[in-house]
Every structure is written in C-alpha cells, then in structure tokens.
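Hi,

Here is the structure I said I would pass on. Have a look at it first, and then read my notes below.

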Amino acid sequence: MASLTSAPLHAQRLVPAPVSTKIRLALLATALCDALGGPAEFKPRFSFPFISLMKPNGNFSLAAGVWTDDTSMMLALARSLGTYSASSSPQAEGTRGGFDEVDQLETYLRWYQNGVLSAIGRCFDIGSTTRRALGIYKDALKASRALSPAETRRLSPAAKEKEKEKRRTTAKSALARIARDLGGEGFRGNGSLMRVLPVGLAYSCDSAAAAAYARRSSATTHPTAVCQTACAAWTECIARVVRGADAREGEEQISKLDVLHHFAAYPWPADADALRVALAADVPLPAGVVDPAAMEAHYTAHHPLMRLRAATHTEAPAATPSAGDAKALAAGTFALLPSAAALPSSGYVVHTLAAALYAFLATRTFEAGALLTANMGGDADTVAAVYGGLAGVWYAAQEEEGADGEEGLFWSPRVRAWRDALVRRDLIEEVAEELVEFVERHAASF
C-alpha cells in the first residue's frame, strides 16, 4: 500500500481514466470528504478525536455520512450546467445544458428555500455571504411580485414564458446589487470556491472559457476579486487535469509538479495579492529551468507550501499503517499536519485553497489527503470538499478496472466504507449523470 508520505512530486503521475469516470468520481469524492470533515467543523485543530470514518455531525445533529452545504451547492451548480434550457420547448431537449447565472441563482434558491439537493431535504447550514446574496434575490422577487414555481406551473404556455422573462429581469437586477453590496473585503469567504468544481469538469476542453465561467459563477454570490480569482485559478487546474486524464496512449501524464507550477507561476492580479502571497513562489522559477528534479528543488526552497511539506515529511512515517492500526494511522496523519498558525483552515477563501492544495501535495493517495483535511478543524468540511474535487479528478479510476488497484490511489477498503456510509449517494450519482450527458452531448462544440 502507498505510504502516507509523498514520493517526489514529479514522480507522482495523474491516473488515466475516461472523462466520464473522472466527473462521476470527482462529485462523489467531494461529498465523501465533505461528510467526513463535517463533524470537525468549527473545532480547533488537534482538539478532537482523530476522524477516520463517517461520524455523526454534532454541529447540526446530523447522522453519520450526511454531506453539507458544500456538496449541495456543488450539485446545484452541476445540475444547472447539465440541465439549463433557455426554452421550455420540447424541441430544445437536445440542446439542454450550459452556463447561465440566472439559472444558477434559481437553483441555489431552491436549495435554500426548499431543500432541493440537500442530503436530508432541507437547508440546515448556509454561509453568511451566500445567505445575503440569496436574500437580495428573494427580496427582488418579492418586490417584483414574481410568482412561485408552483403558481407558474399553472399558467398557460404564453404566460409561463412571460413570467420566466420577468424572473430573469429581476435576477439580473439582483446580480447587479449583489456585485455592489457584497464586493467589499468583508465578503471573501470560500462559498463560491467550494462549489466551482463542475465548471472545470464541464468546460475542460477550453481553460480560458472555464476560467471566465468560474469568475461569473463566483460573482452570483461572491463577487470580490479574490474570490473570483481563486475560482478561476482552481478551475483552470481542474480543467487541465481532466484533459490530461484522457491523454492519448504514449503521451506522458502530467505530474503533481505541474499542478504546483500552475499555482506557483500563476499570473495573480494585483487585486488578489493575498493569493499570490499564499500560493506563488517567493523567488520565480529561473528561466530555462525545465528539468523536473531541478524545478522541484527550487520550489521546495522557495514555495511556502513546499517548505511546510518538507518540514512535516521529516517527521512522518515511511509507510502506511495497516487498515486496523488506527493509532498509527492517526499518528501518521497528524505528523503531516502543520499547526493552524502555519496552515490555517478557516473560511477565508485564501486559507481554504492553500490548505486543500497542501493536502493534495503532502499525500499520495486520495484516502490520506481526505484524512488530513478532515482532521484540520476550522472549516474542515469545506477544505475537505475542495480537496476532494481535485483529488477525485486526479486519482479516480473505475473500481472494477483496477487501474489503481495495486497502489490504492483512489479506492481502498476505507474509501469503500466511506462510500457505503454516504447518505443519498443516489442523488449525487443522478446529478453526475446529468453533467456527464451534457459534456458528451456538447463535446464537439467545445
């Protein structure tokens, strides 16, 4: 079995698999990590018993295996991308799916008000900025005297179209107010980053389009520059990994060093400087350095997350404990976990992105990174969910194919147990199929 500690990043290659497999398991991985980390949310690091299996979430009196708002909003965005239709005409069935901010806002509101895409049929938690954004939209709908969906269904076809257009006009006005009211520094939470994964999955063939859509998706609730930039950078990374996973035979798979380089050398804009400080190299990679070992040595010395990784790996065990050795597993995981001061896991979008990326770089299996994020405390469920999306795309392969079976990079006995304990897995699979069908239906146009 793979060790908890990592081999060199340039030696850790992307697990190949069809795009459809990557989409299905990335959504599942997000929910698994979210549900695993939920019980540790709000708790200081190292203040709670080690988490290695699904536990009840005492924060919201939830049963074990229940995922939170992170997964619900991710599913809402995925459903919007997979099923949005500008027309209610039956002839439009074959063109369903696509990016539309108004439809996304509507889908989020259905979750918030009616519990659609919640694991337990109701919204039991929501971020403060997201709540304010959806409150602005609700107030705008009330002021415009918009009908409820149930009332709209009773209208004639012509009246339905008229009501739909009124809601779109109202939503666009609300989006403009959201941009004005929630664009300040006090609204830099991780609520848009936690859900943005489906954009990178849906538009992986065009990184520029994926990044632009990610910014627009963030702006529906989190319009600040740092939130939009975090979503764009993360989405471009997801898109590249998806493309690489379906590489032609004989092509070299990308490595984790490529993922690190994406963030280390990213053109961070001035209005998102906090992301540059957290994720860029202190000293840029010298021109002409292309040898992977030399690149990694440079980043180990000059990248903040790599310095943390190097420091923790000197104390970490060399091999993964057996499945039944819970004490050794906890010790090995905690050895890779820096202090909260060195690696915060708060709801600040910069902290969330950095912590999720650290977990991906510091471990070499899906399971090990999931354990690391779930035990961070703070906003553990969101950090874990964000990690889970990237790790799911990176490691995932079909279980029956055994593509990663010997090393257990994605599937392991513990991950299978998490999957079996997950509540409403059928709902996650349903939405994943919608997104897969959209990607397959429109692949030729990307």
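**Salt bridges and a helix pair**

Arg307 is partly exposed, as its relative accessible area is 34%. I start with that residue since its side chain meets that of Asp282 in a salt bridge, with 2.6 Å from N to O. The two sit in distant parts of the chain, 25 residues apart: Asp282 is in the loop between H11 and helix H12 (292–302), and Arg307 is in helix H13 (residues 304–313). Asp282 is partly exposed too, with a relative accessible area of 46%.

Before I go on: this is a predicted model, so please read everything here with that in mind.

There are 16 salt bridges in the structure, and a few others are worth pulling up on your screen. Take Glu106 and Arg167, whose closest N and O atoms are 3.0 Å apart. This pair also ties together distant parts of the chain, with Glu106 in helix H3 (residues 101–114) and Arg167 in helix H6 (residues 157–181), 61 residues apart. Are these two buried or exposed? Glu106 has 14% relative accessibility, so it counts as buried, the cut-off being under 20%. Arg167 comes out at 13%, so that residue counts as buried as well.

Asp273 and Arg276 make a more local pair: both lie in helix H11 (residues 273–279), three residues apart, which is about one turn of the helix. Their closest N and O atoms are 2.6 Å apart in the salt bridge. Asp273 counts as partly exposed at 35% relative accessibility, and Arg276 is partly exposed at 37%.

There is also a network of salt bridges, which links Arg419, Asp420, Arg425 and Glu429.

Now for the helices. Helix H9 (residues 225–245) packs against helix H10 (residues 256–264) at an angle of about 155 degrees, and their axes are 10 Å apart. Angles over 145 degrees count as roughly antiparallel, so that is how H9 runs relative to H10. The crossing of H9 past H10 is right-handed.

Which residues make the contact? From H9 they are Ala233, Trp234, Glu236, Cys237, Arg240 and Val241, and from H10 they are Asp258, Val259, His262 and Phe263. By type, the contact residues split into six nonpolar, one polar and three charged.

Cheers

How values were computed
Residues are numbered from 1 along each chain as its sequence is written. This is a predicted model: local features need pLDDT of at least 70, side-chain atom pairs count only at pLDDT 80 or more; totals for chains, interfaces and linings use all residues. Side-chain values use heavy atoms; hydrogens and water are left out. A salt bridge is a side-chain nitrogen of Lys or Arg within 4 Å of a carboxyl oxygen of Asp or Glu. Helices (H or I, at least four residues) and strands (E, at least two) are DSSP runs, numbered from the N terminus. Buried means under 20% relative accessible area, exposed over 50%, partly exposed in between (1.4 Å probe, protein chains only). Axes are lines fitted to C-alpha atoms, for helices over the stretch in contact, and angles run from 0 to 180 degrees between N-to-C directions. Angles under 35 degrees count as roughly parallel, over 145 as roughly antiparallel, 65 to 115 as roughly perpendicular and the rest as oblique. A crossing is left-handed if the near helix is turned anticlockwise from the far one by less than a right angle, and right-handed if clockwise. Contact means heavy atoms within 4.5 Å. Ala, Val, Leu, Ile, Met, Phe, Trp, Tyr, Cys and Pro count as nonpolar, Asp, Glu, Lys and Arg as charged, and the others, Gly among them, as polar.
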